[in-house]
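User: I would like a close look at one part of this protein, explained for someone in the first year of study. Please connect that part to the rest of the fold.

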Amino acid sequence: MLQAALAAGTADRRSVFELFARRLPEGRRYGVVAGVGRALDAIEAFSFDDEVLAHLAEHDVVDRATLDWLAGFRFTGDVWGYPEGEVYFPQSPLMVVESSFAEAVLLETVLLSILNHDSAIASAASRMTMAAGDRPCIEMGSRRTHEQAAVAAARAAYVAGFTTTSNLAAGHRYGIPTAGTSAHSFTLLHDTERDAFTAQVDSLGRGTTLLVDTYDVAEAVRTAVEVAGTDLGAVRLDSGDLGVLAHEVRAQLDGLGATKTRIIVTSDLDEHAIAALAAAPVDGYGVGTSLVTGSGHPTCGFVYKLVSREGADGAMVSVAKASTSKASVGGRKYALRRRNREGCAEAEVIGIGTPPEDDGDDRALLVPLVREGRVVGREPLAVARERHERVRAELPVKARQLSRGEPVIPTQLIGG
């Protein structure tokens with residue numbers, strides 16, 4: 001597309017692209033925006049070095065004129081978007097990119113790749129942390145996804161309320177608190193379970209978490225308290241009927257005097273399993289596979305479409321697809337969250353061509369992210385995390401329902 005547009009003389013036409021979802025994943029009531037910070041890093045770093053250009057030339061991917069253009073490429077346009085941690089709905093303009101066609105079209109794959117993945121993880125994580133309530137969730141999915149996706153998943157989960165990650169690379173790169181436990185292999189390495197527990201406590205202290213379901217749970221709990229004393233930090237359950245076991249282990253720990261020892265549960269948890277354990281004496285959840293696969297929805301279905309471009313006379317012209325079941329809405333979009341006087345969200349209001357009118361209780365959603373190629377919207381991850389907690393609390397009570405349903409608030413398109 002770039003090569004043909006350069007040859008046709010249309011590559012420099014001013015263009016507006018928008019990244020959005022036509023619909024939420026089936027049954028979901030809201031989505032969560034994540035990956036914005038990573039997308040800004042990608043835009044800032046996006047360039048074509050000599051090695052890449054040589055590869056494109058060697059394989060005859062593009063012609064010499066296009067190679068010369070790519071050699072000097074840096075994004076110089078503007079980007080607006082929903083800030084990280086915000087919630088979104090069908091047609092929400094999560095990112096609005098304005099630049100030449102040539103510059104904007106090159107960003108399509110990288111922006112969709114980052115936001116589709118990270119937002120899917122954050123959307124699942126939000127449902128899990130909502131189901132968990134005040135109990136912490138630990139991200140433990142690194143062994144169930146691509147090694148680089150694992151780091152991004154830990155970041156997205158943290159935005160949506162997970163307290164820690166077992167991925168040390170994510171801790172190093174993004175400052176996310178890290179935590180973890182030993183595996184069954186550590187117990188199996190030793191001649192006895194007591195030897196394994198003793199080695200772990202001697203090395204890591206009494207506050208460590210001991211895995212107690214390698215053999216017999218009741219015997220392991222008894223041994224754990226004998227080795228670590230009543231100051232043992234936690235025990236982990238990774239198999240069986242977690243609800244029943246948690247009650248049994250809590251009673252046993254209390255009977256042994258370890259009343260402050262916490263119970264952490266793992267084993268293929270998702271938001272529904274977490275909700276089912278609400279009445280059990282569980283102190284925290286370790287979540288892996290379901291989290292890093294979006295709990296059944298590993299992508300958000302985001303698309304990136306041209307909605308306005310410069311015409312031959314220099315004026316901006318709205319453009320849109322008319323494809324069956326994939327039609328788009330032309331014209332630049334503006335968005336606000338309509339709220340009632342109590343601050344509860346009532347609608348996602350999208351203005352086409354002009355911003356919708358704020359009735360006094362509403363909240364504008366688009367913020368500047370990039371101005372003339374310079375990133376202006378970068379923020380600490382803690383800010384995105386706090387934002388998500390705040391904006392999720394604005395949603396109607398039915399957003400807490402894990403059953404399948406329609407978006408918790410409607411999307412209203414105005415103007416155009």
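Leaving aside neighbours within four places in sequence, which residues is Val265 in contact with?

Analyst: The model discussed here is predicted. Apart from its neighbours within four places in sequence, Val265 is in contact with Leu237, Leu242, Leu277, Val282, Gly284, Tyr285 and Gly286. Two of these partners, Leu237 and Tyr285, share a distinction with Val265: in the largest nonpolar core, which has 55 residues, these three touch the most other members. A second core, separate from that one, has 47 residues, among them Leu2, Ala11, Phe48 and Phe75. As a general rule, nonpolar side chains in soluble globular proteins tend to be buried together.

The strands around Val265 come next. Strand β10 covers residues 262–265, and it pairs in the parallel sense with strand β11, residues 284–287, over two bridges. One point of this pairing can be named: the bridge partner of Ile264 is Gly284 in β11. Gly284 is also one of the residues in contact with Val265. Both strands belong to an open sheet of six strands with parallel pairing, in the order β7-β6-β11-β10-β9-β8. At the edges are β7 (164–165) and β8 (209–211), each of which pairs on one side only. In general, the strands of a sheet pair through backbone hydrogen bonds, and the pairing may be parallel or antiparallel.

The antiparallel sense appears elsewhere in the model. Strand β1, residues 14–21, pairs in this sense with β12 over seven bridges; within β12, Val303 stands opposite Phe20. Strand β12 also runs antiparallel to strand β13, residues 316–318, to which three bridges join it. The strands β12 and β13 form a hairpin with five residues between them, and Gly314 in the turn has a positive phi of about 90°.

Ser308 offers a detailed view of this region. Its place is in strand β12, which spans residues 302–310, and it stands opposite Ser318 in β13. With a relative accessible area of 7%, Ser308 counts as buried because that value is under 20%. Its side chain reaches the backbone oxygen of Val317 at 3.4 Å. Not counting residues up to four places away in sequence, Ser308 touches Arg14, Ser15 and Val16, as well as Met316, Val317, Ser318 and Val319.

The cysteines deserve a separate remark. The structure holds zero disulfides. For Cys300, the closest cysteine sulfur is that of Cys137, and the two sulfurs are 19 Å apart, so they are too far for a bond. Cys300 is buried, with a relative accessible area of 5%, whereas Cys344 is partly exposed at 23%.

Finally, these parts can be placed within the whole protein. The protein contains 15 helices and 19 strands, and its C-alpha atoms fill a box of roughly 85 × 60 × 35 Å along the principal axes. Of its 416 residues, 51% count as buried. The exposed surface is about 18,700 Å², of which carbon and sulfur atoms supply 50%. Among contacts between residues at least 6 apart in sequence, 72% join residues at least 24 apart.

Technical notes. Residues are numbered from 1 along each chain as its sequence is written. This is a predicted model: local features need pLDDT of at least 70, side-chain atom pairs count only at pLDDT 80 or more; totals for chains, interfaces and linings use all residues. Side-chain values use heavy atoms; hydrogens and water are left out. Helices (H or I, at least four residues) and strands (E, at least two) are DSSP runs, numbered from the N terminus. Buried means under 20% relative accessible area, exposed over 50%, partly exposed in between (1.4 Å probe, protein chains only). A polar contact is a pair of N or O atoms within 3.5 Å; within protein, one must be able to donate a hydrogen and the other to accept it, and residues adjacent in sequence count only if both atoms are side-chain atoms. Contact means heavy atoms within 4.5 Å. Two strands pair if DSSP finds at least two bridges between them. A disulfide is a pair of cysteine sulfur atoms within 2.5 Å. Accessible areas come from the Shrake-Rupley method with a 1.4 Å probe; for residues, only the protein chains shown count as cover. A nonpolar core is a set of buried Ala, Val, Leu, Ile, Met, Phe, Trp, Tyr and Cys residues joined through side-chain atoms within 4.5 Å.
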